[in-house]
Amino acid sequence: MNKKSINFWITSNAAVEVVVRCCPYCDGEFYELDDHELEECPLCNVEFDKEPMKQSYDSSTYSLIVDHKTGIPSVIKMSEYEPVERDIDPVTTE
Ligand SMILES: [Zn+2]
C-alpha cells in the first residue's frame, strides 16, 4: 500500500492526544482528548467528583493538520502518511 506523502514543513500540525480513562463508578473505559476532560461518565452518566483513572495515552496515532490555503482542519492517521524530508542544503559557512 502506497502511503500518501505529507510535508510537515508547510503543514501546521499538532498531535491529537487521546487518553483512555476508566470510570471509578462503572469501571467502563472511554476515550477523551487529553486536557479536554469530560465532566460526566459517557457510559453511566455519573458526574465525576474525582478524576477518572488514566489507563493509557496515545499521541502518535493521529495528527491534527490545517490546510494552509483554506484553513480547513482535518485529522489524519499517521501510519497512512509518509512525511516528506526537508531538502538539506550542504552547510555553507561564510
Ligand atoms: Zn461510568
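This is a short talk on the zinc site, the strands and a few side-chain contacts of one protein chain. The model is predicted, so please keep that in mind throughout.

I will start with the domains. The assignment splits the chain into domain 1, covering 1-16 + 62-80, and domain 2, covering 17-58. Domain 1 therefore comes in two segments, as given in the assignment. Between the C-alpha centres of domain 1 and domain 2 the distance is 27 Å.

Now the zinc ion. Which protein atoms are its donors? They are the SG atoms of Cys23, Cys26, Cys41 and Cys44, at 2.3 to 2.4 Å from the ion. Along the chain, the donors have the spacing C-x2-C-x14-C-x2-C. The arrangement is tetrahedral because the angles subtended by the four donor atoms run from 105 to 115°. For reference, the ideal angle for four tetrahedral donors is 109.5 degrees.

Two of these cysteines can be compared by accessibility. Cys41 counts as buried because its relative accessibility is 1%. Cys44 has 32% relative accessibility, so Cys44 counts as partly exposed.

Next, the hairpin of S3 and S4. Strand S3 is residues 18-22, and it pairs with S4 in the antiparallel sense over five bridges. Cys22 stands opposite Glu29 of S4. Six residues lie between the two strands, and Asp27 is in the turn.

What is the phi of Asp27? It is near 65°, a positive value in a residue other than glycine. Most residues other than glycine have a negative phi. Asp27 counts as exposed, because its relative accessibility is 58%.

A second aspartate belongs here. Asp35 has a phi near 70°, again positive in a residue other than glycine. Asp35 is placed in the loop between S4 and S5. With 59% relative accessibility, Asp35 counts as exposed.

Staying with S4, which side chains point to which face? Phe30 and Glu32 point to one face and are buried. Glu29, Tyr31 and Leu33 point to the other face and are not buried.

Phe30 leads to the aromatic contacts. A search of the whole structure gives one aromatic pair. The pair is Phe30 with Phe48, and it is stacked, with 6.1 Å centre to centre and 15° between the planes. Phe30 is in strand S4, residues 29-33, whereas Phe48 is in the loop between S4 and strand S5, residues 53-58. They are 18 residues apart, so the pair links distant parts of the chain. Phe30 and Phe48 are both buried.There are also two charged side chains over rings. The charged end of Lys50 sits over the ring of Tyr25, at 5.8 Å from the ring centre. Arg86 lies over the face of Trp9, and here the distance to the ring centre is 4.0 Å.

Last, the hairpin of S6 and S7. Strand S6, residues 62-66, and strand S7, residues 73-77, pair in the antiparallel sense over five bridges. Ile65 has Ser74 of S7 as its bridge partner. Six residues separate the two strands, and Gly71 in the turn has a positive phi of about 75°.

Definitions and conventions:
Residues numbered from 1 in each chain as written. Predicted model: local features only at pLDDT ≥ 70, side-chain atom pairs only at ≥ 80, totals over all residues. Heavy atoms only, no water. Pairing = 2+ DSSP bridges. Helix = DSSP H or I, 4+ residues; strand = E, 2+ residues; numbered from the N terminus. Donors = N, O, S within 2.8 Å, 3.2 Å for Na, K, Ca; no water. Tetrahedral: all angles 85-135°; square planar, octahedral: opposite > 155°, others 65-115°. Buried < 20%, exposed > 50% of the residue type's maximum accessible area, 1.4 Å probe, protein only. Domains from an automatic or database assignment. Phe/Tyr/Trp six-rings, centres within 6.5 Å; stacked < 30°, edge-to-face > 60°. Lys NZ or Arg CZ within 6 Å of the ring centre and 35° of its normal.
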